[in-house]
Amino acid sequence: MRDQVALIRAKNLRRIYPPSIVGGEPLDMKFPDVDLLAGRRIALLGISGSGKSTFLNLIAGLDAPFSGRSRPASITYSFSDGTTADMADRKKAFPRHRLGFVFQEGHLITDASAGINAALPGLLNGIQHSDEDVVSSLDAMGLPAGAAGREAWRLSGGQKQRVAILRALFHQPQVIFADEPTSSLDKRTAAAIMRVLADYQEADPLRTLFWATHDLQLAAEFASDFLVVRKRPGQEIELEGPFPNPGLEQWREVEEKVYDGIVVSGVKQGLRVSKATKTKDEVRYTQAKVGGSLTFSLRQATSSLFQLGAFGRWMSSIESRPPPMLTGLLSLIRLYGRFSDRAEAYAILLAVLMTSFILIGLNTMSFYRKQAMSDPTACHVVSSAPNMKIGDSASAVELTPDLITNFNQEATWRSPQLDEPWWRSAFPVLFREPAAASTNPCGRARDLVFGRNIQYVSLRFERNGTCDASPISAPKALIASLAEPAMLESKVAVSGQGIPRRLGDLIPQGQSMRKLVTLPLTGDEIFITEGLREQLTNAHRDLPSNVTTLPLCMVDGDDERRVRIGGIVSDLPQPRGEPFAMLVPHGSPLLGPSESYEQAVFYTDPERAGILKEFLERKKFAFSREDIDKMIAASNRFSAIGQLIFIVGGIVLVSIVFFLRTSIQVFLEKNARPNAVLRAYGLTWRSLVRQIFWRLGAVSIFASAILAVVGAALSFGCYVLFQNIGLPLPSVTEVTVVAGISIVFTLFVVTVVVWLSVWLWWRQHESIAQELN
């Protein structure tokens, strides 16, 4: 006969509980093998502590049996369509949509609608019903109109129990498990609930109802078979049955006297659920509604979900319509006001802000470092000609232009062209180079070594085309190439008037042909300092204000040369003693070309100053070691500050990650029971991950709003700060890229944290029964 098919065949069931006290013995519960037939209503009877709940949890898959190698546990189901599955084999998926569960305490998701609660088992397993179906079923269970859209916490205790019963039946399972489903109800209500379960089982001869109970009278009324669990002290657990119900009619007469004239209302007869198609995956947006509902915990809210507009009605609906993002925006804002736990929102907000801070900090530090490291006035070393020892005497090596050329070719301290850190090469738009660093003269220029001479020039006034007999001044002149970076960075006020400009912008050195026609200087002029002009003015009160017209000349033997002045120079590199009063270009018509140099000037990136120091010592140059040590210290200082920004930002980010991880863990623990119910119906850990993502998506709305306000405030603060310290403001592209990288990085971190948190939590909470107890 069809009703004699073995629906469940349990073998070698064993559950070991850890000791309840320190030093105690573990509780080892072994159950005899048993077959449970299809098409029956089986009542599991036994005293408290006999093991009936453990047995029920094991065969229902709410707890995992201990499985030894020699005697592996098996719980084999044989369904009506020929499908077989072993509940004890956790490596294979089990068709949990064929099972229904009625828990002792209901375990509804209190902040989800009654309709969502009732339809959740089907939604998790791709069984789609309409809102009309769930409304009709709730009406059949005796719930008031509109209950489908009301949160479960707004229902009475009896109404919650009816929703829990409907949840077990709405997806039309083949097997229904119930653990003390009527223990908290009065007798007539309990009988009405059992009648609903019995009617559902009787509607299909292949359906099976299996429930644990202490109420022998109720079991005698509704069970077709009994399975008795006994555990005598010091003996193994015994299972007797299943055997047919012998009937206990004498109990019914007593019960009728107690309830004489009392009519129990509430549950209507004839619960019918329309057939629904099943898809492979869960119904769309199920985890969105579950994840969102689990966060709505402000119970002082006066409006139910269906009263909060389009988005609230979507949250309470069991249908798979997409959320009304545009039309429901206002209701979404109202709905979000019901959140009470916003830790994840703050964690996401802080992660975005801290990532932006790190990027902006590294960018700012990189800008200042490049600016400092490419400043020609601070990245060169002046050295004297090396000494060469020949026998017992020492002679100076002549610094000729050819030797300077050889040094430039050797230049072991030259910076490589590709020495950028990975974040600069990965995101070049974030790291703008200072103007002087685009072709870094301190380490990457073609020429890094230049010659200099020092000479005292005899200046005289010119009168009537001839030089005066007596000199008026003998200024100390620096004779250097105007191609030398420090010279190009000096400032010149042309004609001695106007705002000083960079010398490199005034002479043909390195300029394009298009600009040459507009340049005010040729590069052959000499330049005097403001101090020398004052000295000349004191010597001759009638001098013109335009220094280019000063009547000056210089006598070299019998040769008289007119001095052509280009302007007033400032910011010249000065020696420690007497300062330079003039700048004369190499090869100037005033002095002629230089065949040798007194000094050699070496330019280097401060990061490679140590290499230059070794070079100069090896070549036996006389130089100031203090200057090189300052460069090395500056480089180390900038590197340390950059590392500090990275380390401090990293520590804060790690703290935020742990904050997010903890908040997700708290959420999972707070909702362990609702999720345990969902796991009983087939919720996988990947579905739980989606649930968390939907929840974080909801709180991200709050985070985005705060981020917009905080971002605007920080942007204004950065604008004021950058203006005060002279740092160029980032462009719109740079701001967009920083924000994009921060958001993408945060999403990546959140994804990793969610997956890791759910995976760890799932491994630590394998027993569904423990979560429900």
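Hi everyone, let me start with a small spot: Pro242 lies in strand β12, which covers residues 237–244. The peptide bond that joins Gly241 to Pro242 is cis, with omega at about 0 degrees. Please keep in mind throughout that this is a predicted model.

While we are on backbone details, have a look at Glu180. This residue is not a glycine, yet its phi is positive, at about 50 degrees. You will find Glu180 in the loop between β9 (175–179) and α5.

That loop brings us to the helices, and α5 is a good one to begin with. In general, two packed helices are described by the angle between their axes and the distance between the axes. Helix α5, residues 187–202, packs with helix α4, residues 157–169, at an angle of about 10 degrees, and the two axes are 11 Å apart. That makes the two helices, α4 and α5, roughly parallel. Who makes the contact? On the α4 side we have Arg162, Ile165 and Leu169, and on the α5 side Ile193, Val196, Leu197 and Tyr200. Sorted by class, this contact of α4 with α5 has six nonpolar residues, no polar ones and one charged.

Helix α4 has another partner to show you, helix α2, residues 114–124. Here the packing angle is about 30 degrees and the axes are 6 Å apart. Angles under 35 degrees count as roughly parallel, and α2 and α4 are therefore roughly parallel to each other. Their crossing is right-handed. From α2, the residues Ala114, Asn117, Ala118 and Pro121 meet Val163, Leu166 and Arg167 of α4. By class, the contact of α2 with α4 holds five nonpolar residues, one polar and one charged.

Now let's jump along the chain to helix α18, residues 625–670, and helix α21, residues 732–764. Their axes come within 10 Å and cross at roughly 45 degrees. So α18 and α21 are oblique to each other. This crossing, too, is right-handed: that is the sense for α18 and α21. The list of contact residues includes Leu653, Val657, Leu660 and Ile664 from α18, and Val749, Val753, Val754 and Trp761 from α21. The contact of α18 with α21 divides into 13 nonpolar, three polar and two charged residues.

Next, the sheets. As a reminder, strands of a sheet pair through backbone hydrogen bonds, either parallel or antiparallel. One open sheet here has four strands in the order β18-β17-β23-β24, with antiparallel pairing. At its edges sit β18 (466–467) and β24 (559–562), each pairing on one side only.

Let's walk across that sheet. Strands β17 and β18 pair in the antiparallel sense over two bridges, and Glu462 has Cys467 in β18 as its bridge partner. The two strands form a hairpin with two residues between them, and Asn464 in the turn has a positive phi of about 55 degrees. Moving on, three bridges join strand β17, residues 459–463, to β23, again antiparallel. There, Arg460 has Cys553 of β23 as its bridge partner. On the way to the other edge, β23 (residues 552–556) and β24 pair antiparallel over four bridges. Cys553 turns up again here, standing opposite Arg562 in β24.

There is also an open sheet of ten strands, and its pairing is mixed. Its order is β21-β20-β25-β22-β26-β19-β16-β27-β13-β28. Its edge strands are β21 (501–502) and β28 (622–623), and each pairs on one side only. For a parallel pair, look at strand β19, residues 476–480, joined to strand β26, residues 582–585, by four bridges. In that pair, Ile479 stands opposite Val584 in β26.

Let me finish with the disulfides. How many does the structure hold? There are two disulfides. One of them joins Cys379 to Cys442, with 1.8 Å from S to S. The angle about the S-S bond is -70 degrees, and this link of Cys379 and Cys442 is left-handed. Cys379 lies in the loop between α11 (343–373) and β13 (380–384), while Cys442 lies in the loop between α13 (422–426) and β16 (449–456), so the pair ties together parts that are 63 residues apart in sequence. Thanks for listening!

Methods
Residues numbered from 1 in each chain as written. Predicted model: local features only at pLDDT ≥ 70, side-chain atom pairs only at ≥ 80, totals over all residues. Heavy atoms only, no water. Pairing = 2+ DSSP bridges. Axes fitted to C-alpha atoms, helices over the stretch in contact; angles between N-to-C directions. Parallel < 35°, antiparallel > 145°, perpendicular 65-115°, else oblique. Left-handed = near helix turned anticlockwise from the far one by under 90°. Contact = heavy atoms within 4.5 Å. Nonpolar A, V, L, I, M, F, W, Y, C, P; charged D, E, K, R; others polar. Disulfide = S-S within 2.5 Å.
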